[in-house]
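Subject: The structure we talked about

Hello,

Here is the structure I promised to send over. Have a look at it first, and then read on for my notes.

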Amino acid sequence: MSAPSIYDLEKQDSAILHASCVAVGGRGLLVVGASGAGKSELVLQMMALGAELVGDDRVALRNNGGEVTADAAPNIRGVIEARGIGLLRAPPVGPVGLRYVVDLDQREEARLPDPISIRALGQTVPLLRGRGVPNLASALMQLMKMGRVNPEWPSK
């Protein structure tokens, strides 16, 4: 039996996913994708730019009063894999409220995509398709710090 994916969790209250998560300014970004898709690599790049590690490889999600919160699985808190280097220590943070999910298996075809979202643990969470996006770590850091411009800008 395969592990659940973020797309299987609409009606659950909690789950542990094969995923990674960082926090920027106390807000969580969940990174999902198949094994080898680059989740830990992206998280390490974001950490080098100032993000904080929530969890790598296994992330515990919970519906916490109308918000999805993310935290590290307890047995691997404060550890991140660096392929070809080994397991590295990092100060963990969490739990944090989830603000975005980025799926490294999905490719975004639009240059300026309309916002989309998924339902997870009974809540709506914005979804980003990250496969092949240039400068993904930098773009995600800026998104987490400052947010997106309204798609109808400059008219609104």
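In which helix does M141 lie? M141 is part of α2, the helix that spans residues 136-146. Please keep in mind throughout that this is a predicted model.

**The chain as a whole**

The chain has two helices and eleven strands. Starting at the N terminus, the order of the elements is β-β-β-α-β-β-β-β-β-β-β-β-α. The radius of gyration is 15 Å, close to the 15 Å that the globule rule gives for 156 residues, so the chain is as compact as a globular protein of that length. Along the principal axes, the C-alpha atoms fill a box of roughly 50 × 35 × 30 Å.

Of the 156 residues, 40% count as buried. If you take the contacts with a separation of 6 or more, 68% of them come from residues 24 or more positions apart. The exposed surface of the chain comes to about 8,800 Å², and carbon and sulfur atoms supply 50% of that. As for charge, there are 17 positive and 16 negative side chains, and the centres of the two sets lie 2 Å apart.

**Two helix residues**

Back to M141 in α2. Its relative accessible area is 4%, and because the cut-off for buried is under 20%, M141 counts as buried. What is M141 in contact with, once its neighbours within four places in sequence are left aside? The partners are V24, M46, L49, G50 and A51. One of these, L49, is 92 residues away from M141 along the chain, yet the two C-alpha atoms are separated by 7.5 Å.

The other helix, α1, covers residues 39-48, and K39 is located in it. Is K39 buried or exposed? With 6% relative accessibility, K39 counts as buried. Not counting residues up to four places away in sequence, K39 touches H18, A19, S20, V31, V32, G33, A34 and L104. From K39 to D57 the C-alpha distance is 8.2 Å, with their positions 18 residues apart along the chain.

**A hairpin to look at**

Next, turn to strands β7 (residues 79-82) and β8 (residues 86-89). These two strands pair in the antiparallel sense over four bridges, and together they form a hairpin with three residues between them. G84 sits in the turn, where its phi is positive at about 85 degrees.

How do the side chains along β7 point? They alternate: I80 and A82 point to one face and are buried, whereas V79 and E81 point to the other face and are not. Across the pairing, I80 stands opposite L88 in β8, and V79 stands opposite R89 in β8.

**Backbone details in the loops**

Most residues other than glycine have a negative phi, and most peptide bonds are trans. With that in mind, here are three places in the loops to check.

- D57 is not a glycine, but its phi is positive, at about 85 degrees. D57 belongs to the loop between β4 (52-55) and β5 (58-63), and it is partly exposed, with a relative accessible area of 31%.
- L121 is also a residue other than glycine with a positive phi, near 55 degrees. You will find L121 in the loop between β10 and β11 (123-131). L121 is buried, with a relative accessible area of 0%.
- The peptide bond from G94 to P95 is cis, with omega near 5 degrees. P95 is placed in the loop between β8 and β9.

**One more loop residue**

Finally, where is D114? D114 is in the loop between β9 (96-107) and β10 (116-120). Its relative accessible area is 60%, and D114 is exposed. D114 and N150 are 36 residues apart in sequence, while in space their C-alpha atoms are 9.5 Å apart.

Happy to go through any of this with you.

Best wishes

Conventions
Residues are numbered from 1 along each chain as its sequence is written. This is a predicted model: local features need pLDDT of at least 70, side-chain atom pairs count only at pLDDT 80 or more; totals for chains, interfaces and linings use all residues. Side-chain values use heavy atoms; hydrogens and water are left out. Buried means under 20% relative accessible area, exposed over 50%, partly exposed in between (1.4 Å probe, protein chains only). Two strands pair if DSSP finds at least two bridges between them. The radius of gyration is taken over C-alpha atoms; the globule rule is 2.2 Å times the number of residues to the power 0.38. Contact means heavy atoms within 4.5 Å. Accessible areas come from the Shrake-Rupley method with a 1.4 Å probe; for residues, only the protein chains shown count as cover. Lys and Arg count as positive and Asp and Glu as negative; His and the chain ends are not counted. The place of a charge is taken as NZ of Lys, CZ of Arg, CG of Asp or CD of Glu.
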